[in-house]
Amino acid sequence: MPVQDSSLDNNQFKVVLNTPFNDQKPGTSGLRKSTKYFQQPHYLESFIESILQTLPGVKGGVLVIGGDGRFGNRSAIDVIIRMAAANQVKRIITTVDGILSTPAASNLIRMHQAVGGIILSASHNSGGPDGDFGVKVNGSNGGPANESLTDAIYAYTKKLDAYHIINHQPIDLALPGQYHISSMTIDVIDGIDDYIELMQKTFDFDKISSLLKNDFCIAFDALNAVTGPYAKRLFEDILGASPGTVRNAIPLEDFGGCHPDPNLTYAKELADLLLNGEQYSFGAACDGDGDRNMILGRNCFVNPSDSLAVLTANAHCVPAYANKLVGVARSMPTSSAVDIVAKHLGIDCFETPTGWKFFGNLLDSGQINLCGEESFGTGSNHVREKDGLWAVLFWLQILAEKKCSVKDLMNLHWRRFGRHYYSRHDYESISNDIANDLYETAEFKLPALIGGSFAGRNVSLADNFTYKDPVDGSITTRQGLRILLDDGSRVVLRLSGTGTKGATLRVYLESYVSPQGNLHQNPQNALSDMIQAIDSFAEITERTGMQVPTVIT
C-alpha cells in the first residue's frame, strides 16, 4: 500500500507509491481509459501529478479545469483542485457544476493567460460507470498539448514515485463564487457567458435571429452532453428559437444512455427528423465535449468534408472573416473538396496529419484562419480547438445571408466546384492483434500497386503519409495508408486510437465528379467499386469477420 506522509504543512500530504504509474503515452486527445480503469486507487492522481510536474509555469500560474459532465467529472475536479493547491498553483478557474466545453476551455485559457487547462472528457465515447473517462491537457495557447509536452508527461510517469495533495472539503460548484485553499484562489464562474460573448464578436446575431424567427425551424441535439446549457442559452434565450429547439439539453453522467457522437448512427433520432420529415429546415448535433458537429438540412446530410469547403467558400458572409481568408487546412483523411475552393480563392491549403495540434501551429503562425477534419470537427483562429457550436452558427449565418435551404446551398456549391463523393467506414472493437496484422499486411502490399490498377483506375501513389510541419520543421511519419488514383480519387486506411475497447479501423473513400458530371448519386453507390476494391485488397471482411462497417458516415 502507498505510504502517506503527513509531515507537510497546511494539511498537505505526500502519497508515496510502491509501484510507478508507468502508463501509455497520452495523445492529443489525452489519456482515455474505461471509467473503472480511472477508478483504480491513485491512478487519476498519478497522471495529474505528472501533468502538474511537467506543464510549464504551473507553480504560481493560472490553470483552467472543467469537463463534459460524465460520470467521475465532479470528483476528478475536486482531486485536481486539491493537488493543484499542493503544487503551488496560484489560481484555478473552473465552472458551475464543472461543466465546460472543450472550445470554451480553450477560450478561457487564452482570455486569462493561463499556463494551460485540464479537460475531463473522453469526447464522443460513451459515459457512465461502465463507460469511458479521459483527461486531456491543453497548453498556454489554448490548444491540445504538443508532442514535446506529452513526451515529457509520459517520461515523468515512468519515474513517478509519489504525488502531493491537500486535505480539504470539496468546493461548492453549484453557483459562481470565489474560494481559497491554502494560498490558492479558486474562481467558480458561469462558464457560458464568456463563450457567448466570443460568438457575438464573431457572428451577426441579429441576422441569425431574424432567420430563426422567420418560419425557419431548427432542431439541435446536445445528446445529453456538455453543449446543452450553451445551446439553450444561445438558440432559445438569445437568438429567439422556439422552446424545445434544443433536445437532450441536460448533461447527464451517462449521457442518458446515448453515445455522444454526432453522426447518422448515434444521432439517429435527429437524422430521422431531418431526412424523413418536413417540419425542420435545419438540424445539428454536437458531441460529448462540444468540439464536433453534424449538420443536416431538410432531406440533406452534409458530410464534414463538404462542410469545411462550404464554410471556406462562404466565409465572407461572417463578419469575423469578411475581409479575406489567409489560408485553410484539412487533415489528410479529409476530402480535397476544400482544396478546390482554396485554389479558386487564391489562398493556401495545407494537408496535415489527424490531430488539432497541427492546425494549432498554423493558426498561431497566422498562416490559416479556418481548418477542419472529416471526423466532424471544424474550427478557426477564434480558439485553438475545433468548435461544434461555432460551426452551427457559421452555417446559420450563411443561410441567413443566402436566404436558401441547406440542400439548395449544397447544390449551388457542387455546380460551382464539383462534388467529392466521400464516405468513412468504421470497423470498431477489432482485436488489436487482428487490426495490426491487417494494417501491416496492407502497408507491405502498397508498393506493388504503384503503376497498376485499383478499382479500374490507375494508381499514381501508394504510401504511408509523412508530414513536414511548415512552422517548426518537425517530421511526422506513418499517418495513414494512402492509395491515390490518377482521376483524383483516393482510399485511406488508418487505425484510430480514440476507442478504449480494441481497435477501430477507419477506411476513407473519395471520388471527384466535375460540375458537369452526375452530382446526385447516392454516395455509397458512387463509391461502390472502391469499397469492393479496398475490402479485397486489405482483406477486411476475411480478417475481421465483419460483413459491414459498424458506422458509415
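1. Let's start with Lys 159, which is exposed, with a relative accessible area of 58%. That value lies above the 50% cut-off for the exposed class. You will find Lys 159 in helix α5, which covers residues 147–159. Please keep in mind that the model you are looking at is predicted. To get a feeling for distances in it, go from Lys 159 to Asn 263: the two are 104 residues apart along the chain, and their C-alpha atoms are separated by 41 Å.

2. Thr 334 is a good residue to visit next. Its relative accessibility is 0%, so Thr 334 counts as buried; the cut-off for that class is under 20%. Thr 334 sits in the loop between β16 (327–331) and α11 (337–345). Which residues does Thr 334 touch, not counting those up to four places away in sequence? They are Ser 305, Gly 372, Glu 373, Glu 374, Tyr 422 and Arg 490. Pro 304 is also worth finding: 30 residues separate Thr 334 and Pro 304 in sequence, while their C-alpha atoms are 8.2 Å apart in space.

3. From that loop, step into helix α11. Its buried residues are Ala 337, Val 338, Val 341 and Ala 342. Looking down the axis of α11, you will see these buried residues fall within an arc of 130 degrees, so they line one face of the helix. What do the buried residues of α11 pack against? Their partners are the helices α10 (304–313) and α14 (406–417), together with the strands β16, β17 (348–352) and β20 (419–430). Just after α11 comes Gly 346, with a positive phi of about 75 degrees.

4. Helix α6 (residues 193–202) can be read in a similar way. Here Tyr 195, Ile 196, Leu 198, Met 199 and Thr 202 are the buried residues. Viewed down the axis of α6, they fall within an arc of 155 degrees, so they line one face of the helix. The cover over the buried residues of α6 includes α4 (102–111), α7 (205–212), α8 and α13.

5. Now take one of those covering helices, α4. The axes of α4 and α6 come within 9 Å and cross at roughly 90 degrees, which means that α4 is roughly perpendicular to α6. On the α4 side, Pro 103, Ala 104, Asn 107, Leu 108 and Met 111 make the contact, meeting Asp 194, Tyr 195 and Leu 198 of α6. Sorted by class, this contact of α4 with α6 has 6 nonpolar residues, 1 polar and 1 charged.

6. Two other helices that help cover α6, namely α8 and α13, also pack against each other. How are α8 (residues 227–238) and α13 (residues 388–402) arranged? They pack at an angle of about 30 degrees, and their axes are 11 Å apart. That angle makes α8 roughly parallel to α13, and the crossing of the two is right-handed. In the contact, α8 contributes Thr 227, Tyr 230, Ala 231, Leu 234 and Phe 235, while α13 contributes Leu 389, Val 392, Leu 393 and Leu 396. By class, the contact of α8 with α13 has 8 nonpolar residues, 1 polar and no charged ones.

Key:
Residues numbered from 1 in each chain as written. Predicted model: local features only at pLDDT ≥ 70, side-chain atom pairs only at ≥ 80, totals over all residues. Heavy atoms only, no water. Axes fitted to C-alpha atoms, helices over the stretch in contact; angles between N-to-C directions. Helix = DSSP H or I, 4+ residues; strand = E, 2+ residues; numbered from the N terminus. Parallel < 35°, antiparallel > 145°, perpendicular 65-115°, else oblique. Left-handed = near helix turned anticlockwise from the far one by under 90°. Contact = heavy atoms within 4.5 Å. Nonpolar A, V, L, I, M, F, W, Y, C, P; charged D, E, K, R; others polar. Buried < 20%, exposed > 50% of the residue type's maximum accessible area, 1.4 Å probe, protein only. Arc of directions from axis to C-beta.
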